Amino acid sequence: MSLWQTRGDSLVGKQQIVVTTAFTKPSEADLGNGYAYRLAWALSDPTGIPAKTFAQLTPPPPIEWLNVLNEIKLDKSDLPRFGIVDTSFKENFEFRLFSRPPKSAFSPNMSLASFSHDEVQWDKVMNFLGIWLVKHLDKPELVLFLCKQGGRLHSDLHWKINNELRAHRKNSNDILCANLGEEMLTIWELILSGYCTNSSHRFSLYSWVDKYKVSYLSLPLKHELKTLLSPRIRFSEPLSLASSVSGIKRIFRSEVVLTSSHPYSALKELNKVDKWSHDIGNLFIEFNLILLEIMELRSLLGEVNEYYDYSYIHQPSIAKHPQNKHHNDWTVLIELVRDSWLAMKTINSNAAMNAIMDWWALPFPIFKRLALFALAELPQNFSVDVNELLEIDDSRWLWNTATQREILSLLPKLFLNLSDVDKNRLVCNILKGPSKSWFRKELTEQEFKDIKDRAIWLRLSKLKRSRLNVGIEGDRAYEKMLQKHPMWGKHIKEEQEFPFWMSTGFHKGLENNTPLELNSLITWLEDNPEVGFRNEDDWSIRCRKEPKFVIEALIQCNSWLPERWNEAINIWSENRRLSYIAWDSSCNYLLSLEKEKLVDISRSLAFWLDKNFDCKVITKSKFFTFYDLLITLPFEKEIDINRDPLMAAINHPVGILTELLFKQWYREKPKDGYGISSDYKERLNHLCNQDNEIYILSKAIISTNVLSLYSVSPEWAEEHILNWFNWSDCSFSQVAWFCYLWSPRLHKEFLIKIKVNLLETASHLDDLGEQSQQYAKFLTYVALQKYDEYGVKEVAVAFSQLSGNAFYHVTVALNDALTSSGDKFDEYWENRIKPFLLKVWPKNQNFNELTINQLAILCLNTQKYFVESYSILQHSLSNISDFNYLLRKLNETSLSEEYPETVLKFLNQIIEDEPRIIMGDLNAILARISSVDPLLIETQKFSRLNALGMLTG
């Protein structure tokens, strides 16, 4: 049998695979033991029916299946399963479930998203998978997946998502994703608007420059230029989930980029074209609007606001200056806006003056900076009352950190143009200093006084350096500050004009920057061993730009600097190229470190290994060397596993390393019954036999992979692991069951082996926490298999021990199983569902409203067996308050005409006396009942329901 074959090729078999596999989150083991492959095989049925079943499961299959299913590589031999018979595909052709060919080898792939505008019509499979994904619009994983695929949504997916967002904005009841918050709504609106599309690199600024050289600034050329400079957003996983982070930044790390890459080098070529110095003046409005759009985007993403935009870091100077390092492509718009204004000033001085006032009225400091720069460029007789502008909002822009460079450049030129009265007015505003309300609340009075004095001194010093008279009060204040702070010096230095200064040596101002020279960097690291809370240095930038140099400095430090190592390793983990360079440069040193030091960076190292597991430089032997070293480190023994042991495991080095051990094992494709090879068996034995509490985390990961281990070596698993699941003999059983239930699978031999413990788990639901619902569903699917070894009485006893919300999940599983039975519906009802309801379903339980609702839905889902199912379940049904969906579903069937009397009894039993909802569907149902059986109109049940319908309809 091939990897794709399973319990028969029938459509019903595929639907059952979907129902019994997709209800839980996938694990790494599912790729190793073939369950993920079986699910992909089932979903690929060209009828789309298994995919429809997948999309309609309640709750929807976890979003984690998206990446797992996408990891499965398909080849040419799989094409017939999708109804493709084209023989022109290459022999080594590969594709994925979510990006696959349509009918021809010459057509673009059918996908969820792409880099280009090319698309083909979705088939039934992709359509239903799209419906499933819309139910997960609240999940960041979906956003990241689509962005990696190119970010340009297929029109069908675009329509589905847009329709869902419209339903949310209207507060409609017809929503598929109930937990869609405001932040994710914003993200999806940005995606639908095209802000997350990645360029296919068909066009670039270079090609535009070439066309411009031989043409003129035509309307099509202007349009193309605007398109190339238009902003785009790149989303990635957040670096931290710190409680201080809120809004979109809590969900994603975002970066605003331009559609075209490398704009600065293209701009350098453009500046060589003679006519550009004139034409750029005619593009001011376009460039200014794009810059405003960029700032509005960054504001929407939570990166900036009307008072803080950190533009002084990205572009330290509006005027040309060596401090402008051009690290961010979008800052080219600042320079284009600046240069277009300068060109416009020579063409139309009135328009240039109006632009200054328009800038001042806009939010975001960058526009105040542009206005201040422009004022300094005006002739001395300009008519703007600058004092009035600076006094707006309590003189905030005289003191804002972002405007410091431009304010200090403007002051001397401004002072020369002012009357004595206005000069005195300006000096008085300076002597007032900034308001404390603009600073952090935790600042002490003395700390604020020092900051205030420094800010006043900077402005007075700039004026005095230009030999300008600041008056008696100004001189007195200046001298008083110098006496108190003699280290400030008499005259301001150029670097002090900048709130952020990148130098070749050590400099510590408001921002602490790393030196460029090796010995200076080593000294700096030893003086700054800890990473600042607000990341007030450029260490992370240096780690990205110069990994080898950074590693050399860290290695040569006399002190051990774990915080600096951790930040560096985390940054390298983000990028495969950086990881390759850093690994090559640091591997031998890290292997030689004392174990006590390795503990400090073990979590970062483990994540680094995980992120770059497929990197070619990490060979199997190198992996084992690192694994053996890290897994035996002297970790702290105190760990908290009570709430979620699996989450604790996958966030601890021991758990991460154990998971990587399984990844390495699955990479070698172990075969059922062939046993575990010695290199893995030795390491697994070590983990299983450890009494150290920290290795509970390893055992947690092993428990999630127990089925794979059992399939490959039943004897070894029985000897080392299965006793963990015994509630009476093992203190670890609670953790073992919690982790196994993360993604349990139907495997007859294994389930027979753990039968006693599995059934006993029903009396330990309180110990399972959130996994209790997984257990209830899984136990239901096991019961429906009707294994001979699972006696009806013992199964019924297990279900009788369930409590609380567990029965809701049982009824959900019953509904999913029945509705996915396809053309075997009659057989499935008669041989599976009906015997379960008669012999297993508890008869003397009080069920909550959610459970009763699902039981009522089950009655409707039995279709022609409605009368029989109602007679079995009527003692479990009672009044419920939320029955709107039931009425709608019933109204969509013909049950009212086929079984009017039973439907009347059913409705009378579930509808309460004082319903709080409008029941338009009830009146329609009663009308259909009365048309079929008029005698029922005279019954008390009909009269009661009819009265309720008239009151609320």
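How do the residues lining the second largest cavity divide into nonpolar, polar and charged? In this predicted model, the split comes out as five nonpolar, six polar and two charged. The cavity in question has a volume of about 70 Å³. Its lining is made up of 13 residues, and those lying nearest the centre are Asn33, Thr704, Leu707, Ser743 and Arg745. Two elements give two or more residues to this lining, namely helix H2 (28–33) and helix H36 (706–712).

The largest cavity has a lining of another kind of make-up: eleven nonpolar residues, with no polar and no charged ones. About 80 Å³ of space lies inside the largest cavity. Around that space sit Leu205, Val209, Leu225, Leu229, Pro263, Ala266, Leu267, Leu270, Trp276, Val332 and Leu336. Four helices each bring at least two residues to this wall: H10 (205–213), H11 (219–229), H13 (263–270) and H17 (332–347). H13 gives the most, with four residues. Taken over the whole model, the count of cavities of 30 Å³ or more is three.

Turning to helix packing, H4 (residues 49–56) and H6 (residues 124–134) have axes 8 Å apart and pack at an angle of about 5°. Angles under 35 degrees count as roughly parallel, and H4 and H6 are therefore roughly parallel to each other. On the H4 side, the contact is made by Ala51, Lys52, Phe54 and Ala55, which meet Val125, Phe128, Leu129, Ile131 and Trp132 of H6. Sorted by type, the residues of this contact are eight nonpolar, no polar and one charged.

Just past H4, there is a feature of the backbone to look at. Most residues other than glycine have a negative phi, and most peptide bonds are trans. The peptide bond from Thr58 to Pro59, however, is cis, with omega near -10°. Pro59 sits in the loop between H4 and helix H5 (64–71). Tyr310 is the other residue to pick out here: its phi is positive, at about 55°, although Tyr310 is not a glycine. This tyrosine also belongs to a loop, the one between helix H15 (284–300) and helix H16 (311–314).

Aromatic rings come next. The count of aromatic pairs in the model comes to 47. One of them joins Trp565 and Tyr589, whose ring centres are 5.7 Å apart and whose planes meet at 15°, so the pair is stacked. The cut-off behind that label is that planes under 30 degrees apart count as stacked. The two partners come from distant parts of the chain, 24 residues apart: Trp565 is in helix H28 (residues 562–573), while Tyr589 is in helix H29 (residues 576–592).

Terms used. Residues are numbered from 1 along each chain as its sequence is written. This is a predicted model: local features need pLDDT of at least 70, side-chain atom pairs count only at pLDDT 80 or more; totals for chains, interfaces and linings use all residues. Side-chain values use heavy atoms; hydrogens and water are left out. Axes are lines fitted to C-alpha atoms, for helices over the stretch in contact, and angles run from 0 to 180 degrees between N-to-C directions. Angles under 35 degrees count as roughly parallel, over 145 as roughly antiparallel, 65 to 115 as roughly perpendicular and the rest as oblique. Contact means heavy atoms within 4.5 Å. Ala, Val, Leu, Ile, Met, Phe, Trp, Tyr, Cys and Pro count as nonpolar, Asp, Glu, Lys and Arg as charged, and the others, Gly among them, as polar. On a 1 Å grid over the protein atoms alone, a cavity is a set of points where a 1.4 Å probe fits but cannot get out, and a pocket is an open set with protein on both sides within 12 Å along at least five of seven lines; lining residues have an atom within 4 Å of a point. Grid points are joined across faces, edges and corners, and a volume is the space filled by probe spheres set on the points. Rings of Phe, Tyr and Trp (its six-membered ring) pair if their centres lie within 6.5 Å; planes under 30 degrees apart count as stacked, over 60 as edge-to-face and the rest as tilted.
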